[in-house]
Amino acid sequence: MVKATGERTIMDLSIEELKALKDDERKNVTTHGTIYNVRDMGDFAFIILRKINGLVQCVYTKNNSEEEKKMLQEENCIRVTGEVRDEQRAVNGIEILVEKIEVLSSPSEELPFSISKRKLNISLENEIEIRPVTLRNEYKRSVFKLQAAIVRGFREYLENNGFTEIFTPKIVAAGAEGGANIFKLDYFGKKAFLAQSPQFYKQTLVPVYERVYEIAPVFRAEKHDTARHLNEYVSVDFEMGYINSFYDVINMETGMLKYCFDFLEKNYALLLKKLGIELPKFDSIPCVKFREAKEMVAAKYNRKIKDPYDLEPEEERLIGELFKEDHGSDFVFVTHYPVKKRPFYAMDDPEDNKYTLSFDLLFKGMEITTGGQRIHDYDAQVKKMIFKGLYPEDFESYLMLHKYGCPPHGGLGMGLERLVMKLIDEKNIRATSMFPRDTTRLNP
Ligand code: AMO
């Protein structure tokens, strides 16, 4: 009888383990990977192997047989045995002098083009069509490795700060964010929606856990195709109780970003190098009120204020430029957004009830986060719902939070794809969504 013990049964060595082999262990080493690229040098060839955590160079002495040609085909999955030696010119500083290659599997068709170039020379549109293949490109797969690494950093920070991870429903009975960008579903004859955010649930869980977070997909039926909107994106949400003001939320986010960037530098230096990223360094992030930011931009760039209630993308870009110039900061918190543009759960500013105790975080001139303090008082919440033209009876389960008591609280939602997009200086959000969903795309 086979018994699973949980012990290591795949004996392949990672790149770190290959590098750490002692002199007397370096002969007759076996490792596996996919042939990423073959560089024919005449008598010998460099085989670049794509492994779990990077590329390894193998040196293979050729015999020019037909069999060899098949064996060295790109995307062959192979097991290779040979001698490991240091080679500073090779990626990762080692190479394997090949003695034996065993082909484990071969593609049935050759790739439409070589995917081993640093950046693929095709349009984003075409590249997305064949993402199952282009993700094998080392740069491309590094982008999504970075996404995963950032989430690890955030998670570690939030856990260290007492947050509990939650998993909330994505099929819901009511929209949390208002507006028309909500997907409708037929749920066994009942009207249902795809969650635009975990807003109601994360607030509901504040009286339970005090601090909660969720990193999960959310859905927006945006009808327009822009370079910064997806119909499904990953939202990094947290919510915290007993805040004194929304500045506590702002501070938590600043701490989270600082921690995450340090975490990346400590644990993913090679990845950052591969992507050519310089992480922003900062001790603090400047804050500016919405109205002042608008006026500053109008004055400095000689622009008319067209929409007094929201920031146009161009205004965000200019605020980013202005704060980079004047404060050397890639980040800026824009605070106190107008009531008119904020959802019903946002708390009004007691000093001026046309504005809310809310904020956006702009990074390199683009909104990446929205957050703020929420209404925690039942009567105030019901009143605000009615003011916004909503029916409190539609929100019965959400309102239990207010009815049965909850602390002053606030939180935020960050678009993960937008953060990565700005970090790697991509112009289109589809470059940082693994399998993007937009108005025309359900595949791959
Ligand atoms: P909001 O709707 O502003 O706020 O969304 C929060 C953040 O999510 C990102 N984002 C998007 N990313 C890609 N495609 C989209 N269509 C898209 N829409 C939004 C942005 C944005 O800043 N519940 C609140 C958050 C809160 O207050 O806790 C909310 O969802 O980066």
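## Around the ligand and into the cavity

Let's start at the ligand, where one of its nitrogen atoms sits 3.1 Å from an N or O atom in the side chain of Y345. Keep in mind as you look around that this is a predicted model. How much of the ligand does the protein cover? On its own the ligand has 620 Å² of accessible area, and the protein covers 94% of that.

Next, look at which parts of the chain do the surrounding. Three elements each give two or more residues to the shell: α6 (199–204), β17 (366–373) and β18 (409–415). Of these, β17 supplies the largest share, five residues. The shell has 23 residues, and the ones that come nearest to the ligand are E177, Q199, K202, E367 and T370. K202 is worth a stop: an N or O atom in its side chain is 2.7 Å from an oxygen atom of the ligand. With L230 it's the backbone that matters, as a polar atom there lies 2.9 Å from a ligand nitrogen. Sort the shell by character and you get six nonpolar, nine polar and eight charged residues.

Now for the empty space. The structure holds one cavity of 30 Å³ or more, and the largest cavity contains about 50 Å³ of space. Which residues line it? They are R342, P343, Y345, A346, S358, T370, G371, G372, Q373 and R374. You've already met Y345 beside a ligand nitrogen and T370 among the residues nearest the ligand. Here again β17 gives the most, with four residues in the lining. By character, the lining splits into three nonpolar, five polar and two charged residues.

Terms used. Residues are numbered from 1 along each chain as its sequence is written. This is a predicted model: local features need pLDDT of at least 70, side-chain atom pairs count only at pLDDT 80 or more; totals for chains, interfaces and linings use all residues. Side-chain values use heavy atoms; hydrogens and water are left out. A residue is near a molecule or strand if one of its heavy atoms lies within 4 Å of it. A polar contact is a pair of N or O atoms within 3.5 Å; within protein, one must be able to donate a hydrogen and the other to accept it, and residues adjacent in sequence count only if both atoms are side-chain atoms. Accessible areas come from the Shrake-Rupley method with a 1.4 Å probe; for residues, only the protein chains shown count as cover. Ala, Val, Leu, Ile, Met, Phe, Trp, Tyr, Cys and Pro count as nonpolar, Asp, Glu, Lys and Arg as charged, and the others, Gly among them, as polar. On a 1 Å grid over the protein atoms alone, a cavity is a set of points where a 1.4 Å probe fits but cannot get out, and a pocket is an open set with protein on both sides within 12 Å along at least five of seven lines; lining residues have an atom within 4 Å of a point. Grid points are joined across faces, edges and corners, and a volume is the space filled by probe spheres set on the points.
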